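Subject: Handover of a structure and notes on its contents

Dear colleague,

Please find below the structure I agreed to pass on to you. My notes follow it, and I would be grateful if you would read them with the structure open.

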Amino acid sequence: MLVDSHCHLKDSRYGKSPLEVAEDSKREGVALFINIATSLEDSHDSSKICSEIPYVYGTVGIYPHSDVGGENSVLISGLEKIIDANPKIVGVGECGIDIPEGQLQRSVEDQKKLFEEQIELSIKKKLPLIIHNRNADALVLEVLSHYKSSGLKAVAHCFSSDWLTAQKFLNLGIYLSFSGMITYPSRADLREVVAKVPDDMFLLETDSPWLPPQGHRGELNYPKYVRIVAEKVSQVKEKPYLTVASLSTTNACRLFNINL
Ligand SMILES: [Zn+2]
């Protein structure tokens with residue numbers, strides 16, 4: 001049994017409903033899905049999806065480049081209303097800092113403010129934070145370090161840095177979530193993190209429809225491919241597949257406070 005701790009079930013490129021996407025992956029052994037929101041509108045959709053599908057839970061959150069121009073106070077109170085109305089909302093995010101190669105849609109300073117407000121919402125509502133981080137290890141760690149004794153629970157989604165950086169997240173009590181990236185031949189550095197991460201501090205995810213694993217690159221990603229991520233973790237950690245499945249499921253349920 002597996003949990004996909006980070007997927008986006010609603011995407012027009014699938015040409016299928018979130019229920020169809022989820023059912024297909026459920027048949028392949030994914031027992032639980034965390035549907036991750038990236039904007040205020042997507043947070044409403046996330047709430048609707050997890051209300052409709054028993055084995056799907058959801059988050060609310062604003063991605064660093066979503067809802068640009070929106071007032072932070074309006075966005076945050078919108079997220080809070082959705083949390084209050086739906087007990088199947090189990091997290092805040094994905095949120096964080098994103099520094100792309102090209103042009104920024106929201107300045108780094110504004111991204112930082114929006115990130116901090118979502119961290120505070122996560123603490124207030126006692127829900128874990130789903131951290132997005134592209135090219136911003138130092139800034140993300142600096143922001144998070146201010147909340148060290150706040151009771152913040154969090155996961156670094158699609159962890160893609162080295163072991164030195166991984167240890168800094170782990171020292172803050174933050175879980176690491178591994179995606180299909182760990183299967184890419186060029187990412188030996190990530191496999192070192194997989195090998196060394198403590199058994200009780202890692203999650204598995206797909207980030208579907210993004211980031212397909214090796215063997216499916218150039219295609220859409222699906223939650224069912226979380227099995228490929230689990231198989232790679234099993235191989236790298238030299239532990240039986242069923243042990244990895246069980247550890248990652250237990251960790252996800254502990255973080256998201258879900259009783260299976
Ligand atoms: Zn995502």
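The notes below begin with the overall fold, turn to the annotated residues, and end with some local features of the backbone and side chains.

**Overall fold**

Please bear in mind throughout that this is a predicted model. The secondary structure of the protein consists of 9 helices and 8 strands. Its radius of gyration is 17 Å, close to the 18 Å that the globule rule gives for 260 residues, so the protein is as compact as a globular protein of that length. The C-alpha trace spans about 45 × 40 × 35 Å along the principal axes.

Of the 260 residues, 57% count as buried. The accessible surface comes to about 11,200 Å², and carbon and sulfur atoms contribute 50% of that area. Among contacts with a sequence separation of 6 or more, 73% are between residues 24 or more positions apart.

**The annotated binding site**

Which residues carry the "binding site" feature in UniProt? The unreviewed UniProt entry places that feature at H132 and H157. These residues span 26 residues in sequence, yet their C-alpha atoms are no more than 6.0 Å apart, so they gather at one spot. From this set, H157 is part of the lining of the largest cavity.

H132 is located in strand β5, which covers residues 129-134. With a relative accessibility of 10%, H132 falls under the 20% limit and therefore counts as buried. Beyond its neighbours within four places in sequence, H132 is in contact with Y63, P64, E94, C95, G96, I97, D98 and H157.

H157, by comparison, is found in the loop between β6 (154-156) and α6 (163-171). Is H157 buried or exposed? At 7% relative accessibility, H157 counts as buried. When neighbours within four places in sequence are set aside, the contacts of H157 are H6, E94, I130, I131, H132, S177, E205 and D207. The two annotated histidines thus touch one another, since H132 appears in that list. E94 also appears there, and the side chains of H157 and E94 are joined by a polar contact of 3.3 Å.

**Backbone features**

E94 deserves a further remark. This residue lies in strand β4 (residues 89-98), and the peptide bond leading from G93 to E94 is cis, with omega near 25°. A cis peptide bond is also present from S208 to P209, with omega near 5°. P209 is placed in the loop between β8 (202-204) and α8 (226-237).

As background to these points, most peptide bonds are trans, and most residues other than glycine have a negative phi. Two residues are to be noted for their phi values. K126, which is not a glycine, has a positive phi near 55°. K126 is in the loop between α4 (108-124) and β5 and is exposed, with a relative accessible area of 71%. N257 likewise is not a glycine and has a positive phi of about 55°. N257 belongs to the segment after α9 (241-256), and at 65% relative accessibility it counts as exposed.

**Two buried serines**

S47 is in helix α2, which comprises residues 40-52. At 13% relative accessibility, S47 counts as buried. Which residues does S47 touch, not counting those up to four places away in sequence? They are I82, N86 and I89. With N86 there is a polar contact of 2.9 Å between the two side chains.

S161 is situated in the loop between β6 and α6, the loop in which H157 is also placed. At 11% relative accessibility, S161 counts as buried. Leaving aside neighbours within four places in sequence, S161 is in contact with D137, L190 and V193. The side chains of S161 and D137 make a polar contact of 2.9 Å. S161 and T183 are 22 residues apart in sequence, and their C-alpha atoms lie 14 Å apart in space.

In viewing the model, you may wish to start from H132 and H157, the residues to which UniProt assigns the binding site.

With kind regards

How values were computed: Residues are numbered from 1 along each chain as its sequence is written. This is a predicted model: local features need pLDDT of at least 70, side-chain atom pairs count only at pLDDT 80 or more; totals for chains, interfaces and linings use all residues. Side-chain values use heavy atoms; hydrogens and water are left out. UniProt positions are given in the numbering used here, feature names are shortened, and annotations may be inferred rather than shown by experiment. On a 1 Å grid over the protein atoms alone, a cavity is a set of points where a 1.4 Å probe fits but cannot get out, and a pocket is an open set with protein on both sides within 12 Å along at least five of seven lines; lining residues have an atom within 4 Å of a point. Helices (H or I, at least four residues) and strands (E, at least two) are DSSP runs, numbered from the N terminus. Buried means under 20% relative accessible area, exposed over 50%, partly exposed in between (1.4 Å probe, protein chains only). Contact means heavy atoms within 4.5 Å. A polar contact is a pair of N or O atoms within 3.5 Å; within protein, one must be able to donate a hydrogen and the other to accept it, and residues adjacent in sequence count only if both atoms are side-chain atoms. The radius of gyration is taken over C-alpha atoms; the globule rule is 2.2 Å times the number of residues to the power 0.38. Accessible areas come from the Shrake-Rupley method with a 1.4 Å probe; for residues, only the protein chains shown count as cover.
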